[in-house]
Amino acid sequence: MPGSLTADSIGPHLPVGRIEWTVHAYYVLGSTNDVARRLAVGGAPEGTIVVAETQTSGRGRRGREWYSPEGGLWFSVVLRPHLPPERAGGLTIIAAIAVARTVREVSDVDARIKWPNDVYVGRGKLAGILVESAGEGTLVVGIGLNVNVTVSDLPRDAGHEATSLSAEGRRTFDRAALLGRILLEFEPRYFAYRSPEYPQHVEEWRELSLVYGEEVVVTRGDEELRGTVFSLEEDGGIVLRLGDGRHEKVLPLGDVSLALRPF
Ligand code: BTN
């Protein structure tokens, strides 16, 4: 099928850099994150990619279902950064920057990062990122990008509206090229994050952020925090300035979500 995602169609688009990328492409899978984690536990090297045309049990954060029809880009990458667990949240931001940058390079779509793990266009969710642990020092970074997907086919979630790149960009996109481009944007930022100079991504995150300086409601477990996003932190956390003037840092870990103040 033209435009399908196979190891052969993706291969020419893989960047040549420090990581040696290896593609495992499937037509249908439960979840690419699950297969990538199994491969990682079995010893697969950093740079192992699992991609599927469609997922039957794609999932998002907080146990949510991730609808994964044909035409989207659903993939997971095995990484072995050996970071302390509290710094894993920053990698979600690095992945979100890579996705947002890619979208902005290939189209005129104003893709922005919505903390903690999404890429939005306006008030529509374009992509979601799910970083999961796969044992000592190892993470699986799962990326779901609604590419050539009809918006009316995407479920309307309680918390957000969904959109797709083809709807926003008014044309279809080559998913193999997009995958390669995301990796190209990701790799240098990933190595910078692993190195001691890791704060360098914060400025770029601020530029691309949908929430910086905005009034938001953050839900953390049973707690609801209302305030303005005062700063973005190296570890992927945000600092809110609350109504009473106090500052509260929230990490992108566990049961946490953010809603923008309605228009
Ligand atoms: C979210 O919005 O909460 C994150 C969604 C992440 C979806 C991607 S699609 C590829 C990978 N496999 C999954 O099951 N989930 C991620």
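A polar side-chain atom of Ser31 lies 2.7 Å from an oxygen atom of the ligand. This contact belongs to a predicted model, and it offers a starting point for a tour of the ligand site. A second contact comes from Arg61, where a backbone N or O atom lies 2.7 Å from an oxygen atom of the ligand. The side chain of Asn117 also takes part, with an N or O atom 3.3 Å from a ligand oxygen atom. Taken alone, the ligand exposes 420 Å², and the protein buries 97% of that area.

The surroundings of the ligand can now be described as a whole. In total, 20 residues surround the ligand, and the closest are Ser31, Gln55, Arg59, Arg61 and Lys125. By class, this shell divides into five nonpolar, 11 polar and four charged residues. Helix H2 (32–41), strand E3 (73–79), strand E6 (124–133) and strand E7 (139–145) each supply at least two residues of the shell. Strand E6 gives the most, with four residues.

In which pocket does the ligand sit? The space taken by the ligand is the largest pocket. The volume of this largest pocket is about 920 Å³. Its lining comprises 46 residues, of which the closest to the centre are Arg64, Asp118, Tyr120, Lys125 and His160. Lys125 thus appears in two lists, being among the residues closest to the ligand and among those closest to the centre of the largest pocket. The lining of this pocket has 18 nonpolar, 16 polar and 12 charged residues. Several elements each supply at least two residues of the lining, including helix H2, strand E5 (118–121), strand E8 (161–162), strand E9 (215–220) and strand E13 (256–260). Strands E3, E6 and E7 also each supply at least two residues of this lining.

The second largest pocket has a volume of about 420 Å³. Of the 23 residues that line the second largest pocket, Pro85, Ala88, Val131, Leu139 and Leu253 are the closest to its centre. Helix H3 (88–106) and strand E6 each supply at least two residues of the lining. Strand E6 again deserves attention: with five residues, E6 gives the most to the lining of the second largest pocket. The classes in this lining are 12 nonpolar, nine polar and two charged residues.

From the open pockets, the reader may turn to enclosed space. The count comes to one cavity of 30 Å³ or more, and the largest cavity has a volume of about 60 Å³. Which residues line the largest cavity? They are Trp21, Phe75, Val77, Leu79, Val141, Ile143, Ile182, Leu183 and Phe186. By class, this lining has nine nonpolar, no polar and no charged residues. Strand E3, strand E7 and helix H5 (175–194) each supply at least two of the lining residues. Strands E3 and E7 therefore link two parts of this account by name, since each supplies at least two residues to the cavity lining and, as elements defined by their DSSP runs, at least two to the shell around the ligand.

A last stop is Glu46, which is placed in the loop between helix H2 and strand E2 (48–55). The side chain of Glu46 reaches the backbone nitrogen of Arg80 at 2.6 Å. The same side chain of Glu46 also makes a polar contact with the side chain of Arg194, at 3.5 Å.

Key. Residues are numbered from 1 along each chain as its sequence is written. This is a predicted model: local features need pLDDT of at least 70, side-chain atom pairs count only at pLDDT 80 or more; totals for chains, interfaces and linings use all residues. Side-chain values use heavy atoms; hydrogens and water are left out. On a 1 Å grid over the protein atoms alone, a cavity is a set of points where a 1.4 Å probe fits but cannot get out, and a pocket is an open set with protein on both sides within 12 Å along at least five of seven lines; lining residues have an atom within 4 Å of a point. Grid points are joined across faces, edges and corners, and a volume is the space filled by probe spheres set on the points. Ala, Val, Leu, Ile, Met, Phe, Trp, Tyr, Cys and Pro count as nonpolar, Asp, Glu, Lys and Arg as charged, and the others, Gly among them, as polar. A residue is near a molecule or strand if one of its heavy atoms lies within 4 Å of it. A polar contact is a pair of N or O atoms within 3.5 Å; within protein, one must be able to donate a hydrogen and the other to accept it, and residues adjacent in sequence count only if both atoms are side-chain atoms. Accessible areas come from the Shrake-Rupley method with a 1.4 Å probe; for residues, only the protein chains shown count as cover. A molecule sits in a cavity or pocket if more than half of its atoms lie within 2 Å of its grid points.
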